[in-house]
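Student: Please take a close look with me at the question of enclosed empty space in this model, and then work outward from there. I would like one connected explanation that I can follow on the screen.

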Amino acid sequence: MSGFQDIIGHEQIIEHLKNAVILDKVSHAYIFNGPEHAGKRMLAEAFAMTLQCANVKKGMPFSEAEPCMECRSCRQAMHRNQPDILYVTHEKTQISVDDIRTQVNQDIDIRPYSSRYKVYIIDEAEKMNVPAQNALLKTIEEPPSYAVILLLTTNADGFLPTIRSRCVTLNLKPVGNRKIRAHLMEHCRVPDYQADLCVSFAQGNVGWAMLLASSEKFNELKDYTMQLMRRLRDIPVYDLMQELKPLNDFKDNIRDFLDLLLFLLRDVLLYKSSKEENLLIFSDQTYAIRQMEERTSYDGLNKMIEAVHTADRRIRANVNFELTLELLLLEIKENLI
């Protein structure tokens, strides 16, 4: 666990949570709504630590409303054994009514062991089935004064309206690219061109950008994509299936491959129209992009980009994997001069 000071972006949410603590206006239930890896868990855990910290007091200055990391509660929370910060566990596919009853409803009437609050963190809360939501609703309607329930979800709209109406909903927004880029270069020690690619891919999602920056598999996929596009014009049609074999290792990340193609084609189109190398996402591949620019027309590039979108739609519709990618490469190859 870490405090608010270690979170990149989400300033409005942090301000709301800090004010709730120092003004003593903490709600009994919150929904943290945002994409996977967006920072929901970090925000919830920092809030829980702040609520339980022995050195955070009502009416203290806003800037000081941070977990101290030194009191017993903070030390326990950092090791995830604070007895009054509870994580609801569940099976991978769903959160059942029994999970809610045994871990929340039957436990919540027991007063906090050593803290002012008793905080329940329910991650992947979108997995609650309807009976589980109804069971939780009974608790949210009449909770003990010390109870705080934090629902972390990628889809708040999937909750029952009665759940949503009784919670404070905090929607996580994309974080600015400059902040993410600076964080990747300073803390993840990645070069600027790699940070640029990760930032473009992550689209404001800090956690996703950090995962990409440290992912060997993503770098391997990027290198494969570049090599394939460099050589595609000269690969005989009958060898295309052979060239696609390495993608079997990335089958679970095939959307990343399609996105890499789109970013690369975007760079080629941008360079073709402006000759501005400093605007490229693949800034370490300027020579290859110049070569591709010479081998394409504007009309051909537009057809390639549409072919990638078509392949994405086919994969979402569970069309044959190998056939979809072969048709994609054939379309791109036909539009290379």
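Tutor: The largest cavity has a volume of about 30 Å³, and in this predicted model the count of cavities of 30 Å³ or more comes to one. Its lining is made by Met-229, Leu-265, Val-268, Met-292, Thr-296, Leu-301, Met-304 and Leu-336, and the elements that give two or more residues to this lining are H12 and helix H14 (298-316). Sorted by class, the lining of the cavity has seven nonpolar residues, one polar residue and no charged residues. In soluble globular proteins, nonpolar side chains tend to be buried together.

From H12 we can move to the nonpolar cores. The largest nonpolar core holds 56 residues, and those that touch the most other members are Leu-184, Leu-247, Phe-257, Phe-282, Leu-325 and Leu-328; H12 gives the most to this core, with eleven residues. If you select Leu-184 and set aside residues up to four places away in sequence, you will find that Leu-184 touches Arg-189, Val-190, Ala-195, Cys-198, Val-199, Ala-209, Met-210 and Ala-213. A second core, separate from this one, has 34 residues, among them Ala-65, Cys-71, Val-148 and Leu-172.

It also helps to follow the chain past H12, where Leu-280 is found in the loop between H12 and helix H13 (286-294). Although Leu-280 belongs to a loop, Leu-280 counts as buried because its relative accessibility is 4%, and buried means under 20%. Leaving aside neighbours within four places in sequence, Leu-280 is in contact with Arg-266, Asp-267, Leu-270, Tyr-271, Thr-286 and Ile-289. By contrast, Thr-154 lies 31 Å from Leu-280, C-alpha to C-alpha, and the two are 126 residues apart in sequence.

Now turn from the cavity to the pockets, which are open. The largest pocket has about 540 Å³ of space, and of the 23 residues that line this pocket, the closest to its centre are His-37, Ala-38, Gly-39, Lys-40 and Gly-207. Helix H2 (40-52), helix H7 (177-187) and helix H9 (206-213) each supply at least two residues of that lining, with H9 giving the most, four residues. Here the lining divides into eight nonpolar, eight polar and seven charged residues, whereas the lining of the cavity has no charged residues.

The second largest pocket has about 410 Å³ of space and is lined by 19 residues, with Phe-201, Ala-202, Gln-203, Asn-205 and Trp-208 nearest its centre. Helix H8 (192-202) and helix H12 (254-274) are the elements that give two or more residues to the lining of this second pocket, and H12 gives the most, with five residues. By class, the lining of the second largest pocket has nine nonpolar, five polar and five charged residues. H12 therefore belongs in each part of this picture that we have joined together: H12 helps to line the cavity, gives the most to the largest core and gives the most to the lining of the second largest pocket, where a helix is a run of at least four residues.

One last check concerns the cysteines, since the count of disulfides comes to zero. The sulfur of Cys-68 lies 3.5 Å from the closest cysteine sulfur, in Cys-53, and is therefore too far for a bond, the cut-off being within 2.5 Å. Cys-68 is partly exposed, with a relative accessible area of 22%, while Cys-167, at 10%, is buried.

Definitions and conventions. Residues numbered from 1 in each chain as written. Predicted model: local features only at pLDDT ≥ 70, side-chain atom pairs only at ≥ 80, totals over all residues. Heavy atoms only, no water. 1 Å grid on protein atoms, 1.4 Å probe; cavity = no way out; pocket = protein on both sides within 12 Å on 5 of 7 lines; lining within 4 Å. Points joined across faces, edges and corners; volume = space filled by probe spheres on them. Nonpolar A, V, L, I, M, F, W, Y, C, P; charged D, E, K, R; others polar. Core = buried A, V, L, I, M, F, W, Y, C linked by side-chain atoms within 4.5 Å. Buried < 20%, exposed > 50% of the residue type's maximum accessible area, 1.4 Å probe, protein only. Contact = heavy atoms within 4.5 Å.
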